[in-house]
Amino acid sequence: MSDRPILRIEGMKTRFFTEEGQVNAVENVDIEISDGEVFGVVGESGSGKSVTALSLLGLLESPGQVTDGQIWYRSAGLADSVEEKVPEAVNGDEVDLLALPDRLRRTLRGTHFSMIFQDPMSSFNPSLTVGEQIAEAVEAQRRARSNPRSVASRTQGYGLRQYLMSFVSSSREYVSEESRARAIELLEMVGIPDPVLRADEHPHEYSGGMLQRAMVAQALAGEPEVLIADEPTTALDVTIQAQVLDLLDDLQSETGMTILLITHNLGVVARMCDTVGVMYAGEIVERGTLTDVFDSPVHPYTKGLLGSVPNLDGAGDRLKPIAGNVPSLLDHEMEDRCYFADRCPKAMETCLEKPPELDARVGSENHTTMCYLADEPYNEAVALPDGYFESETTEREAAADGGSGVGERGADTEAGGANR
Ligand SMILES: Nc1ncnc2c1ncn2[C@@H]1O[C@H](COP(=O)(O)OP(=O)(O)OP(=O)(O)O)[C@@H](O)[C@H]1O
Ligand code: SF4
Ligand SMILES: [Mg+2]
């Protein structure tokens, strides 16, 4: 594993501009992933994990938009090939993906980056055989790489003849023998028994675990540098989960690829990850090595998550809910204070003054957290009294019923949210 980051996400913000208002789904996210590392993103439902992955891959759909930040991807070959056309996107051997035109960014998917999703059924076309679909993915990546004008121009022995053939016939009609053979190799690599026969079967003939393996094979078709796995085992039973995790583990060791692993499951994080980012309400509230975060957590949310799992040894241990709910991410409803305050057993008066913007270092060099406790010890004298938030809610509801105060109060809150 190289110490130099292959990926640096800096200050990324993602918004959804909906009829109800602006949703601040991802807020100033910073993530640094070293070459060959497995970085886990963990957090409750709705915390912004998938939106972070989609933003990274340029797969957000309207009304979603990355409104701020940079995504620096280290690739000397890519930097060379785009420097002339998009000089503002290049810094040495790093390329800011957000500064690339969509057309260029699309060519990176499959070759530099691949994604596996929770539900393999929705990723396969039910009317085509699994082998055909993987062969098509191989074919597409080979074409992209052999295209002399492509940014992914590392050729893989895919000759000019095949490249020219691809213009004469559509992709579905023309898939080279090499690509078909490679698809079978990939199926074998991910542990599909009788891959030659199985390649001719349709997705519904595969079990859930086998289809998940086939999706991993498809994601590997372009030999990506970075694999993004969004809840890759959630839909599987515990035994199959363990097999798929073993597979990812083995592939990571063999190929040295970098993995961004998104999960609700702390057992999966404990088993797979080198570093961890804990996500809450669109922010990474604590990050560090697995040991930093699991053995010396600082943020009360991280502590709550860890405390909610009885045993981290097994892949079957899932997060149990912490009391309270994830706050609304609608900009005009977001409070101008720590977003976790109303669920935090350590909330103090300071926590209500403004959100803890600091990303303070705690303990080891790369262990940081977004919490006032990183800088000042918990002080019971300024702790919020029990029931503080319940009475605040009651007061607010009373004000809403009373009429005239509503506008002013709402306006205050809105301004606070917008200032974030
Ligand atoms: N198309 C959309 N329009 C409006 N808001 C959206 C849209 N997609 C996602 N969001 C919001 O973005 C926030 C983050 O969603 P995201 O899907 O990233 O959560 P998650 O952490 O992946 O949750 P889960 O664990 O359930 O998959 C949520 O509040 C969600 O409501
Ligand atoms: S800043 Fe305060 S309320 Fe927020 S997590 Fe830290 S201690 Fe709790
Ligand atoms: Mg998700």
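The following exercises concern two ligand shells and the strand pairing beside one of them in a predicted model.

Local features need pLDDT of at least 70 and side-chain atom pairs count only at pLDDT 80 or more, while totals for chains, interfaces and linings use all residues. Residues are numbered from 1 along each chain as its sequence is written, and chains are lettered from A and ligands numbered from 1 in the order in which they are written.

**Exercise 1.** Determine which elements supply the shell around ligand 1.

*Solution.* A residue is near a molecule if its C-beta atom, placed from the backbone, lies within 6 Å of it. Ligand 1 is surrounded by 15 residues, with Phe16, Ala25, Ser45, Ser50 and Val51 the closest. At least two shell residues come from each of strand E1 (5–18), strand E2 (21–34) and helix H1 (49–57); helices (H or I, at least four residues) and strands (E, at least two) are DSSP runs, numbered from the N terminus. H1 gives the largest share, 3 residues.

**Exercise 2.** State the class composition of each shell.

*Solution.* Ala, Val, Leu, Ile, Met, Phe, Trp, Tyr, Cys and Pro count as nonpolar, Asp, Glu, Lys and Arg as charged, and the others, Gly among them, as polar. Around ligand 1 there are 5 nonpolar, 9 polar and 1 charged residues. Around ligand 2 there are 12 nonpolar, 1 polar and 1 charged residues. Of these 14 residues, Cys338, Cys344, Ala347, Cys351 and Cys371 come nearest to ligand 2.

**Exercise 3.** Identify the bridge partners of arginine 15.

*Solution.* Strands pair if DSSP finds at least two bridges between them. E1 and E2 are antiparallel over 10 bridges and form a hairpin with 2 residues between them. Here arginine 15 stands opposite asparagine 24 in E2. E1 also runs antiparallel to strand E4 (residues 64–74), joined by 8 bridges; the partner of arginine 15 in E4 is glutamine 65.
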